Amino acid sequence: MKIERIEAIPYAIPYTHPLRFASGEVHAAEHVLVRIHTDEGAVGIADAPPRPYTYGETQESIIAVVRDLFAPQLVGLDPLDREKAQRIMGRTVHNATAKGAIDIALWDLVGKALAVPVHRLLGGYAEGMRVAHMLGFRPAPELLEEALRFREQYGVTTFKLKTGRRPLALDVEAARVLREGLGDEAEIYLDANRGWSANEALEVLRRTEGLGLCALEEPCDAAEAMGRRRLVQHSPIPIVGDESVPTPGDVSRELLSGGCTAVCIKTARSGFTQAAEILGLCTGLGVDVTMGNQIDTQIGSLATVTFGAAHEASQRRAGELSNFLDMADDLLAEPLEIRDGALRAREAPGVGAEIDEAKLGRYRQDS
Ligand code: MUC
Ligand code: MG
């Protein structure tokens with residue numbers, strides 16, 4: 001089996017309501033569908049979400065790097081030779097989600113070639129994951145309404161609250177309203193997307209003491225090394241690295257130098273291959289992980305649950321797998337369904353993301 005050609009297709013699907021957070025906002029999924037075709041007629045599928053505020057990538061840059069840099073070097077390679085693909089892509093720095101999508105599409109091909117679901121190839125630990133829902137910036141009563149609706153409709157009981165606003169009272173109040181409205185059972189954690197300084201984050205931790213928050217993600221810029229370490233040393237709850245830890249090297253640097261005490265793994269930026277390396281580092285060091293959301297479509301969320309369900313350590317905490325529900329439509333032929341607070345990986349060979357060609361025809365931007 002040989003890679004014959006690689007497509008990078010831009011498409012846009014609107015959101016029913018925008019997701020706002022400290023580093024940016026999303027009104028439409030303007031993503032890139034990556035398809036790797038083999039000489040045997042198989043197709044590996046993955047989604048690349050451009051996040052300029054996190055990785056510097058745009059839709060155009062993802063297409064250019066896949067089409068002009070990666071495809072010419074990958075054509076002719078056997079999809080089973082994923083490590084060779086890693087080394088080829090590794091010669092280009094950055095471009096996290098372009099690389100992640102190629103890697104996931106290669107795993108999809110391997111699963112299809114062996115007629116095995118990829119979650120079983122990767123580890124086969126569980127059939128699915130508990131779901132956490134990510135709440136963007138909104139007035140506190142609306143946040144509670146959304147959380148209660150997700151609990152009622154989908155059985156979700158874990159919520160990540162987007163924070164990083166000023167005045168700090170906005171987010172302190174939102175956390176309080178959620179805790180009071182959802183009760184003690186709900187798991188609530190915060191993600192500030194670097195919106196605060198380390199001292200502001202410490203102030204928020206003081207002011208939310210007693211609310212039973214379980215973690216604080218990327219509170220301030222991890223590159224501001226002294227402040228970040230002071231915060232980590234004084235925080236009573238885990239400080240989760242997200243945008244500061246996209247690669248295994250970043251994870252080891254931040255963990256060993258005290259920049260975070262837990263790690264968010266996102267398959268969209270790490271693929272399955274580097275996500276597995278990150279997970280191995282974390283389990284070896286006794287560091288908790290969460291499966292994060294790169295504001296993923298159903299294709300991206302399916303990739304996340306495929307990896308997350310495969311290993312014991314990645315399915316312990318609820319994974320962020322529900323924000324595709326904010327999209328007006330999607331490209332998957334068979335939609336994902338969250339039931340009883342959980343999302344299942346697919347049992348079809350590969351990752352299981354079959355594309356609705358009519359929808360792709362409607363939303364693609366290159367024809
Ligand atoms: C998250 O966990 O930060 C927002 C920006 C980004 O890169 O990912 C999302 C969610
Ligand atoms: Mg985050």
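**Domains, core and ligand surroundings in a predicted model**

The domain assignment divides the chain into domain 1 (3-115) and domain 2 (120-344). The model described here is predicted. Taken over C-alpha atoms, the centres of domain 1 and domain 2 are separated by 23 Å. In the contact between them, 35 residues come from domain 1 and 39 residues from domain 2.

The largest nonpolar core contains 114 residues, and Ile-102 and Val-263 have the most contacts inside it. Strand E1 (residues 3-21) gives the most to this core, contributing nine residues. Domain 1 (3-115) and domain 2 (120-344) each supply at least three residues to this core. The surroundings of Ile-102 can be listed by name. When residues up to four places away in sequence are not counted, Ile-102 touches Ile-6, Val-34, Ile-36, Val-66, Phe-70, Leu-74 and Met-89. Another core, of seven residues, lies apart from the largest one; among its members are Tyr-189, Val-240, Cys-264 and Ala-318. In soluble globular proteins, nonpolar side chains tend to be buried together.

Ligand 1 is surrounded by 13 residues, of which the closest are Thr-54, Lys-160, Lys-162, Asn-193 and Gln-294. Three side chains were examined for polar atoms beside the ligand. An N or O atom in the side chain of Lys-160 is 2.7 Å from an oxygen atom of ligand 1. For Asn-193, a polar side-chain atom lies 2.8 Å from an oxygen atom of the ligand. For Asp-242, the corresponding distance from a polar side-chain atom to an oxygen atom of ligand 1 is 3.0 Å. Ligand 1 taken alone exposes 270 Å², and the protein buries 100% of that area.

Lys-160 also takes part in a contact within the protein: its side chain makes a polar contact with the side chain of Glu-320, at 3.1 Å. Glu-320 is found in strand E11 and counts as buried because its relative accessibility is 1%, under the limit of 20%. With neighbours within four places in sequence left aside, Glu-320 is in contact with Ala-132, Met-134, Lys-160, Tyr-189, Glu-217, Met-291, Gly-292 and Asn-293. One of these, Tyr-189, is among the residues of the core of seven.

Ser-322 lies in the loop between strand E11 (319-320) and strand E12 (342-344). Its relative accessibility is 0%, so Ser-322 counts as buried. The side chain of Ser-322 makes a polar contact with the side chain of His-133, at 2.6 Å. A polar atom of the Ser-322 side chain also lies 3.4 Å from the backbone oxygen of Ala-132. Residues up to four places away in sequence aside, Ser-322 touches Val-131, Ala-132, His-133, Met-134, Phe-150, Asn-293 and Ile-338.

Asn-193, one of the closest residues to ligand 1, lies in the loop between strand E6 (187-191) and helix H8 (198-207). Its phi is near 40 degrees, a positive value in a residue other than glycine. With a relative accessibility of 8%, Asn-193 counts as buried. Arg-194 is placed in the loop between E6 and H8, and it has a positive phi of about 65 degrees although it is not a glycine. Arg-194 counts as partly exposed because its relative accessibility is 29%, a value between the limits of 20% and 50%. A further backbone feature concerns Arg-166 and Pro-167, which are joined by a cis peptide bond with omega of about -5 degrees. Pro-167 is found in the loop between strand E5 (158-162) and helix H7 (169-182).

Two alanines were also examined. Ala-28 lies in strand E2 (residues 24-38) and is partly exposed, with a relative accessible area of 24%. Apart from neighbours within four places in sequence, Ala-28 is in contact with Ile-13, Pro-14 and Tyr-15. Its C-alpha atom is separated by 9.8 Å from that of Tyr-11, and these two residues are 17 residues apart along the chain. Ala-358 is found in helix H13 (residues 357-363). It counts as exposed because its relative accessibility is 53%, over the limit of 50%. Ala-358 and Leu-114 are 244 residues apart in sequence, and their C-alpha atoms are 28 Å apart in space.

How values were computed. Residues are numbered from 1 along each chain as its sequence is written. Chains are lettered from A and ligands numbered from 1 in the order in which they are written. This is a predicted model: local features need pLDDT of at least 70, side-chain atom pairs count only at pLDDT 80 or more; totals for chains, interfaces and linings use all residues. Side-chain values use heavy atoms; hydrogens and water are left out. A nonpolar core is a set of buried Ala, Val, Leu, Ile, Met, Phe, Trp, Tyr and Cys residues joined through side-chain atoms within 4.5 Å. Buried means under 20% relative accessible area, exposed over 50%, partly exposed in between (1.4 Å probe, protein chains only). Helices (H or I, at least four residues) and strands (E, at least two) are DSSP runs, numbered from the N terminus. Domain bounds come from an automatic or database domain assignment. Contact means heavy atoms within 4.5 Å. A residue is near a molecule or strand if one of its heavy atoms lies within 4 Å of it. A polar contact is a pair of N or O atoms within 3.5 Å; within protein, one must be able to donate a hydrogen and the other to accept it, and residues adjacent in sequence count only if both atoms are side-chain atoms. Accessible areas come from the Shrake-Rupley method with a 1.4 Å probe; for residues, only the protein chains shown count as cover.
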